[in-house]
Amino acid sequence: MAAHTKEEFKLFMSQLKETNATLDFYCDFPKIKKNVADVEISLNTLNFLIGKDNLRDAVEALWSRDRRVFDVMDILIATRKKDDKKFIDNEGSMHSVHSLFDSVDGVMKFIEGTGLDRVFKNKEIKDLVDYVFGVETGLDTNARKNRSGKITEKLVGRIFGHAGVSYREQVSSKEFPKISAVLGADQKVFDFVIKTDSKTYLIEVNFYSGGGSKLNEVARSYTDVAPKVNGVDGFEFVWITDGIGWNSASNKLEEAFAAIPSIYNLTTIKDFINRIKQSV
């Protein structure tokens, strides 16, 4: 007998969300603050250039005191030393942006070639520390893809916590000898484990905003894992998944939906929480 009906699956699919992004997904301000702090002293020194009509004289004055302050100038054009960005000069030769900071002439070439000379002279920037905070905020958007992999786990953890449900994160199947035995070579690290008086729930969480072969692989994997876990007395496998990416793999998800009794999305997770509370 199927774990769910076709009508239940249709409802499940209609509930899939476009995004799993919480407000703190968009910018990692602690990381941004740290990145700025790492170069803050040099930036404060480079503030000396703002408003100067004779930039070469100002650059030479800083160079004679501490040439190292110029090592951070690449961040002013939203690049980093580690990225080793290149540019082509007027003769058609290619150079590293950071190589310009090895001499006063190179620094001036950078300032004039990027247009920073006009920005400095016209005081279009008031403070380089504040300016770089904005640059770092912009650069941080490139890191969103790296954050997206963990954001659903973080969101589900918040939902559990808000509901007063105690849980553990990233728990190896090897902690449970009986589960480890039935999984054999397919040992897992479960995203969450919730233990009640009557049962231990081993939970996997994911979200897919786009399609791809991975969705089919995940559905097949959990369809295989669920009966193994559920066959061990006192344990239950739970899958919390969401995202409109499943529209491209609905057939495989429907197979899993028919085989896995405890499968929820971000809308129905409240039903799982109610089950937990009733079993405590």
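**Aromatic pairs and a one-sided helix**

In this predicted model, ring pairs join Phe160, Tyr167, Phe192, Tyr201, Tyr264 and Phe272 into a cluster. One member of that cluster, Phe272, is also listed among the buried residues of helix α11, which spans residues 269-279 and whose buried positions are Ile269, Phe272, Ile273, Ile276 and Ser279. When α11 is viewed down its axis, these buried residues fall within an arc of 130°, and they therefore line one face of the helix.

The structure as a whole contains 17 aromatic pairs. In one of them, the ring centres of Tyr222 and Phe237 are 5.5 Å apart and the ring planes meet at 55°, so that the pair is classed as tilted, since this angle lies neither under 30 degrees, as in stacked pairs, nor over 60, as in edge-to-face pairs. The two partners come from distant parts of the chain, 15 residues apart, with Tyr222 placed in helix α9 (residues 213-230) and Phe237 in strand β6 (residues 235-242). Both Tyr222 and Phe237 are buried.

A further aromatic pair is formed by Trp239 and Trp246, whose rings are arranged edge-to-face, with 5.7 Å from centre to centre and 75° between the planes. Trp239 has a relative accessibility of 0% and therefore counts as buried, and Trp246 is likewise buried, with a relative accessible area of 0%.

Aromatic rings can also be considered together with charged side chains. Lys52 is positioned over the face of Phe48, at 4.1 Å from the centre of the ring.

Technical notes
Residues numbered from 1 in each chain as written. Predicted model: local features only at pLDDT ≥ 70, side-chain atom pairs only at ≥ 80, totals over all residues. Heavy atoms only, no water. Buried < 20%, exposed > 50% of the residue type's maximum accessible area, 1.4 Å probe, protein only. Helix = DSSP H or I, 4+ residues; strand = E, 2+ residues; numbered from the N terminus. Arc of directions from axis to C-beta. Phe/Tyr/Trp six-rings, centres within 6.5 Å; stacked < 30°, edge-to-face > 60°. Lys NZ or Arg CZ within 6 Å of the ring centre and 35° of its normal.
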